[in-house]
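Please open the model in a viewer and keep the selection panel at hand. The tour proceeds by selections, each followed by a description of what is found there.

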Amino acid sequence: MAKSKISRKNGKGAIVAIALGAVALSGVAFSAWILSGQTPATVNNISVSVGSVKDHRLKISGADVTGGGLVFDCDASDTSGPIIYDSSDNRGGEKMSFTVTFYIEGALENGKFAGYFNGFSVKLGYMSASSLNSADAGMSQAISASWIVPPVAIDNTTSVDITSIPAISDSSISDTAITVGDGATLSAVYSAVTGDDEGYDSTSDVKVTLTVAFSWGSAFSGMNPGQFANGSMSDSELDSIMSALSSLHGASGAGLSITLTPLVM
């Protein structure tokens, strides 16, 4: 602001000049405040609601493999034809599946499947941490050559989701199955928790029996090699089958791991 010109040496004149300047500035500011600050109407009765807090965490526990491992062998009942079962190995013949039992904690609400529960995923991998050992490599070769087919790629990455959820009513048992590849399957049986399942709650937890089934691959037309081979085959064809089986033997001792993960909608 420009300095006020004082024409008299009277102290009162100087005070008036300064006061007028202050009033002018205050008037501008006060006018702007009035334009932007009208008193609003008042509205009452605005309700406030807060979303409920629910715990939808799921946990898989108590996983256990039953029934032993896999046996890629001639069928024990196959005692005729060009390739027959050799009982001297004491392995009992072909065994293409294994079973895992486990519990999903929090999957139920008051004994029925919770709306947020969406099944579980299955991954397979090799137990060796970094690189494949010779047996794992033999298993990998057998899959690549289509001698055998797993229901899930054995790479610790690929997963299959089992999301078809049956109804549980009065402790009944229902099952669901997903077929992958050339006949290999994953089948899950859900059952209600009973008194034998110590430590689990029948109102919130569910028991699952998962069967992981491999199949013979397209190299053998999806059949056990002993059944695939027949008397009309030439020696060279039979030699080719036996060569494949000799290579498959290299998978003996392979170690597999299974990862189970609950799914939430």
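Begin with the residues that line the largest pocket of this predicted model: 20 of them are nonpolar, 9 polar and 4 charged. The pocket itself has a volume of about 930 Å³. Next, select Leu-70, Val-71, Phe-72, Asp-73 and Ser-252, which are the closest to the pocket centre among the 33 lining residues. Then colour α3 (225-228), α4 (235-248) and β12 (256-264); these are the elements that contribute two or more residues to the lining.

Keep β12 selected and add its sheet. Which order do the strands of this open sheet follow? The three-stranded arrangement runs β7-β5-β12, with antiparallel pairing. Because β7 (159-162) and β12 each have a single partner strand, they stand at the edges, and one side of each lacks a neighbour in the sheet. From one strand to the next, the twist averages 25°.

Now restrict the view to β5 (residues 117-126) and β12, an antiparallel pair joined over 8 bridges. Within this pair, select Gly-125, which stands opposite Ser-257 of β12.

Finally, select Asp-197 and Lys-207, whose side chains form a salt bridge with an N to O distance of 3.5 Å. Asp-197 lies in the loop between β9 (184-192) and β10 (205-213), whereas Lys-207 belongs to strand β10, 10 residues apart. The count for the model comes to 1 salt bridge. Are these two partners buried or exposed? Asp-197 is buried, at 7% relative accessible area, while Lys-207 is partly exposed, at 24%.

Methods. Residues numbered from 1 in each chain as written. Predicted model: local features only at pLDDT ≥ 70, side-chain atom pairs only at ≥ 80, totals over all residues. Heavy atoms only, no water. Salt bridge = Lys/Arg side-chain N within 4 Å of Asp/Glu carboxyl O. Helix = DSSP H or I, 4+ residues; strand = E, 2+ residues; numbered from the N terminus. Buried < 20%, exposed > 50% of the residue type's maximum accessible area, 1.4 Å probe, protein only. 1 Å grid on protein atoms, 1.4 Å probe; cavity = no way out; pocket = protein on both sides within 12 Å on 5 of 7 lines; lining within 4 Å. Points joined across faces, edges and corners; volume = space filled by probe spheres on them. Nonpolar A, V, L, I, M, F, W, Y, C, P; charged D, E, K, R; others polar. Pairing = 2+ DSSP bridges. Axes fitted to C-alpha atoms, helices over the stretch in contact; angles between N-to-C directions.
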